[in-house]
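Welcome to a short tour of this structure. Take a moment to look it over, and then we will walk through a few of its features together.

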Amino acid sequence: MENRNIRTIGVLTSGGDAPGMNAAIRAVVRVGNYYRLKVMGIRRGYNGLINGEMSEMGPRSVSETLQKGGTILQTARCLEFKTEEGVKKAIEISRVFGLDGLVVIGGDGSFKGARELCKHGLPTIALPGTIDNDIGCSEYTVGYDTCLNTVKDAVDKIRDTAQSHERCSIIEVMGRAAGYIAIQAAIACGAEVVLVPEHKWSFDEDVLRPILESKARGKKHSIVIVAEGIGGVIEMAKEIEEKTGIESRATILGHVQRGGSPTVRDRVIASEMGGKAVELLLEGKQNRIVCMRDHIITDVDIEEGLAMTKTLPQALVDLAKKLSI
Ligand code: ADP
Ligand code: F6P
């Protein structure tokens, strides 16, 4: 695969970091080098692009990175890049460094940035890297599986102490406005209650009632998983305790969910997606999002992809309820 118009490409990570981003960077660098491209690693997301913080990467620059959490390129949220001047500056710098194409690894905010770069003449491919799994056009986002496994380990530990003290434990998980982490964690960890922002809920019907019913059925402790899009777990713990008499404790899992060595699933999918991004550039494509559809790594136009929404499967919400009896 050769394309005379593409000789140098850049790669950056943007927005919240996610485990597996390093595997994606590694794949862009190594697959790029395999096709004899020069690959520039850009530091600190769009900030680094605007400020020319980049250097050439080779196969050895990404040695020993596959198993590491975070992103070796660092990441950032860059306000300046949201302005026309910021994008123009980035385009100027990319010309100075001779970039013929760019791979942006991040979430939907970062994809909007990628779309701007394409509009201004820099062929860009976006790759979904976020623990939230909230990208409409892709069944999977790099980092989600590792995050879920971290949540699973944490909730299992909290369950040990909830069981010992016969308490109710309320646990807030990340996900921004989406409930994917919450719903899958609830099923994997056997939660009595799960609250996601995609569904209406009431405290009496959806929190109090299942806790009291499960107590009546002989359960000695309960686990409530709350998506951050709902929040308020500290107040919720107090209210549960007041209204049921069951001792209750709240835990906000926070950034522990973003760290750690990526799982096999994240390493493999990130590698596939990174390789695909380079091949798309070599095929002369741009303004595309690499994504997973029907379990296959493919691509979609950025505009179309950004317009797509993902619905939290009702079947999963129903199943979590059925399993909690
Ligand atoms: P994520 O990529 O994880 O969704 P953000 O929403 O914070 O994270 O976006 C990451 C970065 O992408 C922002 O800091 C900004 O630099 C860039 N970005 C976001 N939205 C836009 C936009 N509408 N136009 C240009 N750049 C954007
Ligand atoms: O998008 C990933 C994510 O971890 C969200 O789940 C969360 O809402 C947000 O980023 C937290 O962002 P920050 O690291 O800036 O606090």
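Please keep in mind that this is a predicted model. Our tour begins at Thr 298, a residue of strand 11, which spans residues 296-301. Its relative accessibility is 25%, so Thr 298 counts as partly exposed; the partly exposed class runs between 20% and 50%. Setting aside neighbours within four places in sequence, Thr 298 touches Lys 276, Ile 289, Val 290, Cys 291 and Arg 293. Glu 272 sits 26 residues away from Thr 298 along the chain, and the C-alpha atoms of the two are 9.9 Å apart.

**The nonpolar cores**

Next, let us look inside. Nonpolar side chains tend to be buried together in soluble globular proteins. Here, the largest nonpolar core comprises 62 residues, and Ile 181 and Ile 225 have the most contacts inside it. The element that gives the most to this core is helix 9 (residues 264-282), which supplies eight residues. Where does this core lie with respect to domain 1 and domain 2? Domain 1 (8-143 + 262-307) and domain 2 (147-259) both give residues to it, so the core lies between them.

Ile 181 is worth a closer look. Leaving out neighbours within four places in sequence, its contacts include Ile 131, Tyr 144, Leu 148, Val 151, Val 173 and Met 174. Gln 257 is also in contact with Ile 181. Apart from the largest core lies another one, of 27 residues, with Met 40, Ala 90, Leu 102 and Cys 137 among them.

**The two ligands**

Now for the ligands. Around ligand 1 there are 14 residues, and the closest are Arg 77, Cys 78, Gly 107, Gly 109 and Ser 110. Ligand 2 is surrounded by residues including Thr 130, Asp 132, Gly 175, Glu 228 and Arg 258. Arg 77 is also one of the residues around ligand 2.

The table lists polar contacts made by oxygen atoms of the ligands.

| Ligand | Residue and part | Distance |
|---|---|---|
| Ligand 1 | Arg 77, side chain | 2.7 Å |
| Ligand 1 | Gly 107, backbone | 2.9 Å |
| Ligand 1 | Asp 108, side chain | 3.3 Å |
| Ligand 2 | Arg 77, side chain | 2.6 Å |
| Ligand 2 | His 255, side chain | 2.8 Å |
| Ligand 2 | Arg 176, side chain | 3.2 Å |

How much of each ligand does the protein cover? Ligand 1 taken alone exposes 560 Å², of which the protein buries 84%. Ligand 2 has 400 Å² of accessible area on its own, and the protein covers 75% of that.

How values were computed. Residues are numbered from 1 along each chain as its sequence is written. Chains are lettered from A and ligands numbered from 1 in the order in which they are written. This is a predicted model: local features need pLDDT of at least 70, side-chain atom pairs count only at pLDDT 80 or more; totals for chains, interfaces and linings use all residues. Side-chain values use heavy atoms; hydrogens and water are left out. Helices (H or I, at least four residues) and strands (E, at least two) are DSSP runs, numbered from the N terminus. Buried means under 20% relative accessible area, exposed over 50%, partly exposed in between (1.4 Å probe, protein chains only). Contact means heavy atoms within 4.5 Å. A nonpolar core is a set of buried Ala, Val, Leu, Ile, Met, Phe, Trp, Tyr and Cys residues joined through side-chain atoms within 4.5 Å. Domain bounds come from an automatic or database domain assignment. A residue is near a molecule or strand if one of its heavy atoms lies within 4 Å of it. A polar contact is a pair of N or O atoms within 3.5 Å; within protein, one must be able to donate a hydrogen and the other to accept it, and residues adjacent in sequence count only if both atoms are side-chain atoms. Accessible areas come from the Shrake-Rupley method with a 1.4 Å probe; for residues, only the protein chains shown count as cover.
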